[in-house]
Amino acid sequence: MKLVIAFTVACVAVALARPQGPQDKDAVIVQQRSDNGLTKYDFGYETSNGISQEEQGEVKEISPEEGLLRVVGKYSYTGPDGVLYTVTYIADENGFQPQGDHLPKAP
């Protein structure tokens with residue numbers, strides 16, 4: 001369960017770390033979907049200022065007492081420089097693994 005909470009916090013933190021500009025204070029949700037169950041979920045949204053996110057998560061049973069949350073998703077936004085930034089990610093037993101053309105690559 002601690003792993004589930006850690007992945008959820010990591011995903012939310014990354015989404016909230018996006019630089020914000022003056023147009024963000026008046027943004028509204030223009031599209032939203034959500035499907036939540038006991039062992040999996042799926043959600044997505046888009047805002048009027050061009051922010052969007054999609055995410056799916058599913059608990060995989062490791063043992064009768066322990067499960068692992070595997071999350072797959074992506075988010076995008078337009079930066080202050082006018083460039084559309086997109087980050088895709090997986091969060092699983094190997095940690096949070098973001099990918100994006102603008103992110104540094106491991107050596």
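This passage walks through the fold, the sheet and the nonpolar core of a predicted model.

Some ground rules come before the details. Since the model is predicted, local features are only taken at pLDDT of at least 70 and side-chain atom pairs only at pLDDT 80 or more, while totals for chains, interfaces and linings use all residues. Residues are numbered from 1 along each chain as its sequence is written, and side-chain values use heavy atoms, with hydrogens and water left out.

The protein chain has one helix and six strands; here helices (H or I, at least four residues) and strands (E, at least two) are DSSP runs, numbered from the N terminus. Going along the sequence, the pattern reads α-β-β-β-β-β-β. Of the 107 residues in the protein chain, 25% are buried, where buried means under 20% relative accessible area, exposed means over 50%, and partly exposed covers what is in between (1.4 Å probe, protein chains only). The accessible surface adds up to about 7,500 Å², with 56% of it on carbon and sulfur atoms; these areas come from the Shrake-Rupley method with a 1.4 Å probe, and for residues only the protein chains shown count as cover. As for contacts (heavy atoms within 4.5 Å), 25% of those with a separation of 6 or more are between residues 24 or more positions apart.

Now to the sheet. The six strands make an open sheet, ordered β1-β2-β3-β4-β5-β6, with antiparallel pairing; two strands count as paired if DSSP finds at least two bridges between them. At the edges sit β1 (29–36) and β6 (95–99), each with a single partner strand, so one side of each has no neighbour in the sheet. From one strand to the next the twist averages 10°, using axes that are lines fitted to C-alpha atoms (for helices over the stretch in contact) and angles that run from 0 to 180 degrees between N-to-C directions.

Strand by strand, β2 (residues 40–47) and β3 (residues 52–63) run antiparallel and are joined by seven bridges. Lys40 has Glu58 in β3 as its bridge partner. The hairpin of β2 and β3 has four residues between the strands, and Gly50 there takes a positive phi near 90°. Next along, β3 and β4 pair over eleven bridges, again in the antiparallel sense, and the hairpin that joins β3 to β4 runs through two residues. Across this pairing, Ser52 stands opposite Ser76 in β4, Glu54 has Lys74 as its bridge partner, and Gln56 is partnered with Val72. Then β4 and β5, also antiparallel, are joined by eight bridges, with Val71 opposite Ala91 in β5. Their hairpin has five residues between the strands, and Gly82 in the turn has a positive phi of about 85°.

Thr78 also belongs to strand β4. With a relative accessible area of 34%, Thr78 is partly exposed. Its C-alpha atom is 6.6 Å from that of Gly50, although the two residues are 28 apart along the chain.

What makes up the largest nonpolar core? It has ten residues: Tyr41, Ile51, Leu69, Val71, Tyr75, Tyr77, Tyr85, Val87, Tyr89 and Ala91. β4 (66–78) and β5 (84–92) are the elements that give two or more residues to this core. A nonpolar core, in this sense, is a set of buried Ala, Val, Leu, Ile, Met, Phe, Trp, Tyr and Cys residues joined through side-chain atoms within 4.5 Å.

Aromatic rings turn up here too, and the structure holds five aromatic pairs. The rings of Tyr75 and Tyr77 have centres 6.5 Å apart and planes at 10°, so this pair is stacked. For the cut-offs, rings of Phe, Tyr and Trp (its six-membered ring) pair if their centres lie within 6.5 Å; planes under 30 degrees apart count as stacked, over 60 as edge-to-face and the rest as tilted. Tyr75 counts as buried at 11% relative accessibility, and Tyr77 counts as buried at 10%. Ring pairs also link Tyr75, Tyr77, Tyr85, Tyr89 and Phe96 into a cluster.
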